[in-house]
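Colleague: I should like to learn how aromatic pairs and burial are read from a model. May we work through one case together?

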Amino acid sequence: MTGKSSSEELGEFLRARRAAVTPQELGIQPSYGDRRRVPGLRREELAELAGLSTTYYTRLERGESHQVSDAILDALARALKLSPDERAHLHRLARALPPVRGTGHEDRVRGPIRDLVDNSASAAVLVGRRTDILAGNPLGYALWGLTGDEIAAVGTPQPPNQARRVFLDPRSRALFADWGRQAEDLVSYLRLATAERPDDLALHQLVSELAAGSDDFARLWRAHPVRDCLHTVRRYQHPVVGALELNEEILRLPDDPGQRLIISAAQAGTPSADRLALLGSLATG
């Protein structure tokens, strides 16, 4: 999972996206008796849609082309119907852009951010660039099911890591009613993060560890999902209070690159609101 050049990563991304798009989605009608060996587009079909020669496109997928114009990237993005996040990811891989500001520094929690987390009435957890849990309030920790040992490790050189918890801790499968979506969201984020921070060795080591320890992570990683999820509805089957359906907002901190404040709250007047309030009273009682 580590040590690949940006051109190799570009080739993998193109192959994954090509496999994910069916000819029918793009209005390509198969020839009579055509037996397709791949579920998605063939190389020559994508090359034709993007206005490229098959030879040139094949070189892109093999990581053999290092000079790709914006026009070609935009043509590929249109042909593959890439989302804005996927389009930006494509350009970053092709350009081998420099790391974002802050790469190489450890995550540090500023005092005002810690106060914001502590004083939030909603469940709040602060997550770092490598999905380390950097801070949280009692309700946030209780919602995510952190153990006493994990809470004690927050703020130490070895903090609990949410990606490890989701993929390597069986309890997470029971906690998240939509575990598959949670898993894909994490992989999508890590795909973005590793492209933005190619020199963050610890981040790439985390990806290798997850791929070796979880078949689900390895499968999702090969599919190259890329999505920067900033809000969603998250469902839980909490071992203490039962079913919860919560609105999750993810706030990026511009002055602390890579850090994300995750706020979870229930719609007023719903059973989830009552159960979340009960969880909060138990967490602080």
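Modeller: The discussion below takes up aromatic rings, then charges over rings, and then two individual residues. The model is a predicted one.

Colleague: How many aromatic pairs are there?

Modeller: Ring pairs are found from the distance between centres, within 6.5 Å. By that rule there are 4 aromatic pairs. Phe167 and Trp179 make an edge-to-face pair, at 5.8 Å centre to centre with 75° between the planes. The angle is over 60 degrees, so the pair is classed as edge-to-face.

Colleague: Which parts does the pair of Phe167 and Trp179 tie together?

Modeller: Phe167 belongs to helix α9 (residues 162-168) and Trp179 to helix α11 (residues 179-196), so parts 12 residues apart in sequence are tied together. Phe167 also pairs edge-to-face with Phe217, at 5.1 Å and 90°. Phe217 lies in helix α13 (residues 215-222), so this pair ties together parts that are 50 residues apart in sequence. Phe167, Trp179, Phe217 and Trp221 form one aromatic cluster.

Colleague: Is Trp179 buried or exposed?

Modeller: Burial is judged from relative accessible area, with under 20% counted as buried. Trp179 has 10%, so it is buried. Phe167, at 6%, is buried too.

Colleague: Which residue lies over the face of Trp179?

Modeller: Arg173 does, at 3.8 Å from the ring centre. Likewise, Arg260 lies over the face of Tyr189, at 3.9 Å.

Colleague: Where is Gln259 placed?

Modeller: Gln259 is in the loop between β4 (242-252) and β5 (260-265). Gln259 is buried, with a relative accessible area of 2%, whereas Arg235, in strand β3, is partly exposed at 38%.

Note on methods:
Residues are numbered from 1 along each chain as its sequence is written. This is a predicted model: local features need pLDDT of at least 70, side-chain atom pairs count only at pLDDT 80 or more; totals for chains, interfaces and linings use all residues. Side-chain values use heavy atoms; hydrogens and water are left out. Helices (H or I, at least four residues) and strands (E, at least two) are DSSP runs, numbered from the N terminus. Buried means under 20% relative accessible area, exposed over 50%, partly exposed in between (1.4 Å probe, protein chains only). Rings of Phe, Tyr and Trp (its six-membered ring) pair if their centres lie within 6.5 Å; planes under 30 degrees apart count as stacked, over 60 as edge-to-face and the rest as tilted. A charge sits over a ring if NZ of Lys or CZ of Arg is within 6 Å of the ring centre and within 35 degrees of the ring normal.
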